[in-house]
Amino acid sequence: MFRLQGSKTLAVDLAGDAVKAKNGSMVAYDGRMAFKKMTGGGEGLRGMVTRRLTGEQMAVMEVTGQGTCYFADRASEINLVSLRGEKLYVEASNLLCTDAGLRTGTTFTGLRGGATGNGLFTTTVEGTGQAAIMSDGSAVVLRVSAQYPLFVDPGAYIAHQGNLQQHFQSGVNFRTLMGEGSGESFQIRFEGEGLVYVQPSERNTIGGNV
């Protein structure tokens, strides 16, 4: 149902079913479509309150109908992720679209949420179906194994999936190692088995002030 038109536009073929997408991301459609804004990402009162407290904002709309709907957001690169009962952890600002049957929620992830506008919680997507995530530039998918932990700059992190544990190391980052301190003093250390999605551009972060 999900397919890419180039690298920056998502086409979703609907046959009476539904998808959830970032509010305002529809750029075109053919056929008959209905759009409904969902409060708090469709999670009800608890999810809405959690997002208000943490700043993990995800304004979502539900799209139903017959035909093809096209989604894009600020010319971001789009990456398709297929889930088979797993859970995907993704920054709310990087989530474009999901199958309506996938469950979304929030989970506490610690100080990694010091990225501006992302709060201390990360959005979760769980179940069986497809999700489309965005990146500023072409995303790199990095595999983490028990033998090789992965270190990621918080501003470049997009998402991860698998059996991974996150740890935060303070006082050093890639720029300070090169003598180009930026005020950001955290790295994310991933351990276990899984995949991490990283973008080649960094968000502004306030990790150094947390």
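The legends below accompany an overall view and several close-up views of a predicted model of one protein.

**View 1. The whole chain, with its helices and strands.** The protein contains 2 helices and 12 strands, and when these elements are read along the sequence they follow the pattern β-β-β-α-β-β-β-β-β-β-β-β-α-β. Of its 210 residues, 48% count as buried. Among the contacts with a separation of 6 or more, 78% join residues that are 24 or more positions apart, and several of the views that follow show examples of residues that are distant in sequence and yet in contact in space.

**View 2. The largest nonpolar core and the strands that build it.** This core has 16 residues, and those with the most contacts inside it are L10, V12, V19, V63, F71, L96 and C97. The elements that give two or more residues to the core are strand 2, strand 4, strand 6 (residues 95-99) and strand 8 (residues 121-135), and strand 2 gives the most, with 5 residues. Apart from this core lies another one, of 13 residues, which includes V81, L88, L102 and L195.

**View 3. V19, a residue of strand 2 in the largest nonpolar core.** V19 belongs to strand 2, and it counts as buried because its relative accessibility is 0%, which is under the 20% limit. Leaving out residues up to four places away in sequence, V19 touches M1, F2, V12, L14, M61, E62, V63, F71, C97, T98, D99 and A100. Of these partners, V12, V63, F71 and C97 are also listed, like V19 itself, among the residues with the most contacts inside the core. A further distance to follow in this view runs from V19 to G65, which are 46 residues apart in sequence, with their C-alpha atoms 9.7 Å apart in space.

**View 4. C97 and T98, neighbours in sequence on strand 6.** Which residues does C97 contact, once its neighbours within four places in sequence are left aside? They are F2, L10, V12, V19, K20, A21, F71, Q130, A131 and A132. T98 is found in strand 6, and because its relative accessible area is 2%, this residue is buried. With the neighbours within four places again left aside, T98 is in contact with F2, V19, K20, V125, Q130 and A131. The C-alpha atoms of T98 and A21 are 6.4 Å apart, although 77 residues separate the two in sequence.

**View 5. S25, a buried serine in a loop.** S25 sits in the loop between strand 2 (residues 9-22) and strand 3 (residues 26-38). Is this residue buried or exposed? S25 counts as buried, because its relative accessibility is 0%. The side chain of S25 reaches the backbone oxygen of K22 at 2.7 Å. Beyond the residues up to four places away in sequence, S25 touches M61, Y70, F71, A72 and L96, and two of these partners, F71 and L96, are listed among the residues with the most contacts inside the largest nonpolar core.

**View 6. G67, a glycine in strand 4.** G67 lies in strand 4, which covers residues 60-71. The relative accessibility of G67 is 19%, and this residue therefore counts as buried, since the limit is set at under 20%. Not counting residues up to four places away in sequence, G67 touches V12, D13, L14, D30, G31 and M33. The C-alpha atoms of G67 and G16 are separated by 8.6 Å, while the two glycines are 51 residues apart along the chain.

**View 7. R74 and A75, two loop residues with positive phi.** Most residues other than glycine have a negative phi. Against that background, R74 has a phi near 55 degrees, a positive value in a residue other than glycine, and A75 likewise has a positive phi of about 55 degrees although it is not a glycine. R74 lies in the loop between strand 4 and strand 5 (residues 77-90), and A75 is found in the loop between strand 4 and strand 5 as well. R74 counts as exposed because its relative accessibility is 66%.

**View 8. The largest pocket and its lining.** About 260 Å³ of space lies in the largest pocket. Of the 14 residues that line this pocket, the closest to its centre are R74, S76, N94, D136 and Q199. The lining residues divide into 2 nonpolar, 6 polar and 6 charged.

Methods:
Residues are numbered from 1 along each chain as its sequence is written. This is a predicted model: local features need pLDDT of at least 70, side-chain atom pairs count only at pLDDT 80 or more; totals for chains, interfaces and linings use all residues. Side-chain values use heavy atoms; hydrogens and water are left out. Helices (H or I, at least four residues) and strands (E, at least two) are DSSP runs, numbered from the N terminus. Buried means under 20% relative accessible area, exposed over 50%, partly exposed in between (1.4 Å probe, protein chains only). Contact means heavy atoms within 4.5 Å. On a 1 Å grid over the protein atoms alone, a cavity is a set of points where a 1.4 Å probe fits but cannot get out, and a pocket is an open set with protein on both sides within 12 Å along at least five of seven lines; lining residues have an atom within 4 Å of a point. Grid points are joined across faces, edges and corners, and a volume is the space filled by probe spheres set on the points. Ala, Val, Leu, Ile, Met, Phe, Trp, Tyr, Cys and Pro count as nonpolar, Asp, Glu, Lys and Arg as charged, and the others, Gly among them, as polar. A polar contact is a pair of N or O atoms within 3.5 Å; within protein, one must be able to donate a hydrogen and the other to accept it, and residues adjacent in sequence count only if both atoms are side-chain atoms. A nonpolar core is a set of buried Ala, Val, Leu, Ile, Met, Phe, Trp, Tyr and Cys residues joined through side-chain atoms within 4.5 Å.
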